[in-house]
Structures are given as C-alpha cells and as structure tokens.
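The following exercises concern the structure shown below. Each consists of a task and a solution worked step by step.

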Amino acid sequence: MSSLIVRSHFSSAYCVFYPPLCSSHFFSCLKSRLPAIKVKYLLLAWLGILIASWVIYMQYASYSELCRGHVCHMVICDHYRRGIISGSSCKALCDQRTLTLQHCMSTSSTHQVYSGLWKERPVVIKCGIEDPVKTDGAPDSVLRQEMSLFDKPTRGTSMDEFKEMLHNFLKAKLGEQPSLSTLVDRVITLADVNKDGKVSLAEAKSIWALLQINEFLLMVALQEKEHTPKLLGFCGDLYVTERVGHSSLYRLEVPHYLQALIPEALSSSLNHWLAPAWPRRARITIGLLEFVEEVFHGSYGSFLICDASPHHVGYNSKYDCKMANLRNVASEAVVRGFLRGRRCETNADCTYGRDCTATCDRLVKQCNTEVVQPNLAKVCVLLQDFLLFGAPSDLRGDLEKQLRTCVTLSGLASQMEVHHSLVLNNLKTLLWKKISNTQYS
C-alpha cells in the first residue's frame, strides 16, 4: 500500500516536470484546476471592463459639461453677422473659417478654452459664456443672455465720452496711475480694427466687453512683457492668443475624478521623471522670477498672483517661461477694494481668489487691506518641488537655504521693497551662475 502511495506521488511529480511523457495525467490535473482559473481571470476581466467604462463615462460627462465651444462660435458669429460686434478675428472665424477650434482645454463651463489653428498657426482661443444652469437650454435664450455683454457704450456716445469711460474703468481696476492715458490710447488703437482712425459702435462694444475679462485686461497692460502670451486677435468677447507649448510646469495632470485612485506620491514621482533636465528647469525658473519682477510695481501698478498653481505657469520649446493662465492674477487696487470694509471672523474670510489673504482685525471684525504673503513667497513654495529634485549636489544646500528664506517673506509694506528684491536677485544669481556659458543659457 505504501509502495502505491509513493509511486503515485512520484508519478505526479514526474508529470509536472515531463508532461509530454504523461499527457493523460497532465490534462486531468489541468481540467480539475481550470474552473478556478477561469473564474479568477473572468473576475479580473470584468473588473477591468467596469473601471475602463467608468473612466470613459467620466471623461465623456466631463467633456460634455465643460466643452461648449459650439455655443461660443454660434453666439459670436450671430452677433457679428448682425453688426453688433466687431474684431480682427471675426472674418477668419465666421466667414473664411481659417480660425478653427480644435482640442478642448476648458476647466470651467463658463470659460471656454480651445487650442486651434489660425491660417495654420497654432493658437489658443478663449471665450466666456453664461452659466448653462441660468438658461432654459434653448439657443435663443443663450443669445439673449449674451446680449447683456454688449450693452455699452450706447448709440450716441461720443469719442471723448468713450475715452472718459475707459479712463474711469481703468482707474477703478488699476488704481490711480500716471500712465493711464497711455493705456487708454493703446485700447483705442486695439479697438480700431479697420485702422480708419475712428472707433465704430460695434468696435467699442467689443473692446468694452473684452476689458471686463481680467485676463484680457492684463494681457493689454502687460503686452510688452516677455513672459506674457501675445494677444493675436479678438471678435466680440472671444480672443486669440499665442499657444504656449507646455501649458503647465508638470506634464502629467491627473483628472479630478481619478485623484482618489492615484496616490499623490505616485503622480509626483511620475512628474519628476517626465520633467525637463534640471538646467532647463533652472531656465524656466529664472523666467518665472522675472515675471514676478515685471508685475511688482510696473507701469500700471502692482499685480498679485492669487493662485500660484503649476497649471498656470507654462514654457515654450526654448524653455522660456510663459504664463499660460492670467485669470488668477489681479491688480493690487482690485484686491484692496475687495478687502476694504469687508466683515470677517477669521483670516480665511479675508481671502481674494484662492490665496491672496489679509489678516482679520478681530476687534472691529474687518479685514485689513494688505495681503500677507507676496508673489515671490508663493512662487518659491511652488519651486521647492519643481527645482529641488535633481538639483546639482554642489548647489543644493545653498538653493534650499534661499528657498526657505523666500517662502517666509511677509507681504507687509515694511519688508516688501528691499528684502523682496534682495531675495529675488539672490535666487536668480545663484541659478544663472550655474547655467551661464552652457547650452542651457
């Protein structure tokens, strides 16, 4: 009996190593285990299908909610054909069809952003539309909502009156600046699409609607600055800018509906792996620091970065920094106006945008008007992750020290001027010394 058991075990082992010599026993073993294998792989297959279906559905739902470029096109071209609006891009968009919307990049249903082509040149097309919740869904209701955008100036407004309108508006948005008259002339020149030395009612309505968009106003005010995307054209309140090759500091952007499934450490590691070489990141950083200088006490006042997100800072193929999104940059005058007299219980109640925060005076329960954290400190928080990984070993210690000093900067007026400039210049000098006289400079 024991001999039979030994032989049985031996034959089983023999069949494992030499199945062709014991095929009948091998296939009988396989058949006994096949149902369990089938069930396991069937469950894995179904799980994969469910996850893939959910991702596709969320992608489609997100696209249909956020991407409504066809509404923008319909509204703008309807207004243009009726003579309500004008612009340098209207013919290309509505008649010649040489300006086309392509890939949707919108993150808000009310602010449409598309990559596109204009005479084979890559561009970005931006357009604002009413919140779909506020309309009854019919196309004519959307048109009625959009009509309110182009209600000023009214017929009969003289050129002098329009210039005064512009001056008062810019003063409210940028504060009292000695160069406002120059900016008014720049706006008038931009509005005069046909270059006849006059501004028609349609041209005036278009430029007035565009100036209500914070990003457009900043692009006009900062148009000569190196790190601001160039404005290429407009039609009504739709405007066209140059396309920034990389619209974010990081290449991988996890959709919001997948963030719970993908650990932050994993996405951060992947972005580190996909990032440009360190000298190129240093070049991008120098450009970002130059932008901070440009908006600090410029020709038209100071501007505050109220959402220092890596998704708002981009760069081109030469690794020159370009601000891909200026919607979260606000003039100091606007932020102060928002904070002045505002009721508060905590500092969080004194926040403009995402992170332009002032202190709350708890005695009088009102916000102070000075933002605590300056632009440079917010940018340095961003750079701690972007710049430190992969940094040269002989530079890393000094770089960490400079960034630690930078992130602790206070926005109070007593510390802003000298200390701000000193820290910024030290950082730029440290980086430039490392990459100067190399292929990356």
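**Exercise 1.** Determine whether D307 is buried, partly exposed or exposed, and identify its surroundings in this predicted model.

*Solution.* Step 1: the relative accessibility of D307 is 13%. Step 2: the limit for a buried residue is under 20%. D307 therefore counts as buried. Step 3: D307 belongs to the loop between β6 (303-305) and β7. Step 4: once the neighbours within four places in sequence are set aside, D307 contacts H312, N328, R354 and D355.

**Exercise 2.** Describe the position of I125 and list its contacts beyond its neighbours within four places in sequence.

*Solution.* Step 1: I125 is part of strand β3, which spans residues 121-128. Step 2: its relative accessible area is 2%, so I125 is buried. Step 3: the contacts of I125, apart from neighbours within four places in sequence, are L99, T100, L101, Q112, V113, Y114, G116, L238, Y239 and V240. Step 4: the C-alpha atom of I125 is also separated by 6.6 Å from that of T241, although the two residues are 116 residues apart along the chain.

**Exercise 3.** Establish how helices α11 and α13 are oriented relative to each other, and characterise their contact.

*Solution.* Step 1: helix α11 covers residues 278-294 and helix α13 covers residues 375-388. Step 2: their axes come within 11 Å and cross at roughly 175 degrees. Step 3: angles over 145 degrees count as roughly antiparallel. The helices α11 and α13 are therefore roughly antiparallel to each other. Step 4: the contact is made by W278, R281, A282, I284, T285, L288, L289 and V292 of α11 with N375, L376, V379, L383, F386 and L387 of α13. Step 5: classified by residue type, this contact of α11 with α13 has eleven nonpolar, two polar and one charged residues.

**Exercise 4.** State how many salt bridges the structure holds, and analyse the examples K126 with E215, R283 with D320, and E176 with K171.

*Solution.* Step 1: the structure holds 14 salt bridges. Step 2: in one of them, the side chains of K126 and E215 meet with an N to O distance of 3.0 Å. This pair links distant parts of the chain, with K126 in strand β3 and E215 in helix α9 (residues 214-221), 89 residues apart. Both K126 and E215 are buried.

Step 3: R283 pairs with D320 in a salt bridge whose closest N and O atoms are 2.7 Å apart. Here too the pair links distant parts of the chain: R283 lies in helix α11 and D320 in the loop between β7 (313-315) and β8 (321-323), 37 residues apart. R283 has 23% relative accessibility and so counts as partly exposed.

Step 4: E176 and K171 form a salt bridge in which the closest N and O atoms are 3.2 Å apart. E176 counts as exposed because its relative accessibility is 52%, whereas K171, at 39%, counts as partly exposed. Step 5: in addition, R186, E224 and K225 are linked in a network of salt bridges.

**Exercise 5.** Examine the backbone at P153, E120 and K195, and locate each residue.

*Solution.* Step 1: the peptide bond from K152 to P153 is cis, with omega near -10 degrees. P153 is placed in the loop between α5 (139-147) and α6 (159-174). Step 2: E120 has phi near 70 degrees, a positive value in a residue other than glycine. E120 is placed in the loop between β2 (111-118) and β3, and it counts as exposed because its relative accessibility is 68%. Step 3: K195, likewise a residue other than glycine with positive phi, has a value near 55 degrees. K195 lies in the loop between α7 (180-191) and α8 (201-211), and its relative accessibility of 59% means that K195 counts as exposed.

**Exercise 6.** Summarise the chain as a whole and the segment that UniProt lists as "domain: EF-hand".

*Solution.* Step 1: the protein chain contains 15 helices and twelve strands. Step 2: of its 441 residues, 43% count as buried. Step 3: among contacts with a separation of 6 or more, 63% are between residues 24 or more positions apart. Step 4: the UniProt record, an unreviewed entry, assigns "domain: EF-hand" to residues 179-214. Step 5: over residues 179-214 the chain is 67% helix and 0% strand, with the end C-alpha atoms 19 Å apart.

Methods: Residues numbered from 1 in each chain as written. Predicted model: local features only at pLDDT ≥ 70, side-chain atom pairs only at ≥ 80, totals over all residues. Heavy atoms only, no water. Helix = DSSP H or I, 4+ residues; strand = E, 2+ residues; numbered from the N terminus. Buried < 20%, exposed > 50% of the residue type's maximum accessible area, 1.4 Å probe, protein only. Contact = heavy atoms within 4.5 Å. Axes fitted to C-alpha atoms, helices over the stretch in contact; angles between N-to-C directions. Parallel < 35°, antiparallel > 145°, perpendicular 65-115°, else oblique. Nonpolar A, V, L, I, M, F, W, Y, C, P; charged D, E, K, R; others polar. UniProt positions renumbered as here; feature names shortened; annotations may be inferred. Salt bridge = Lys/Arg side-chain N within 4 Å of Asp/Glu carboxyl O.
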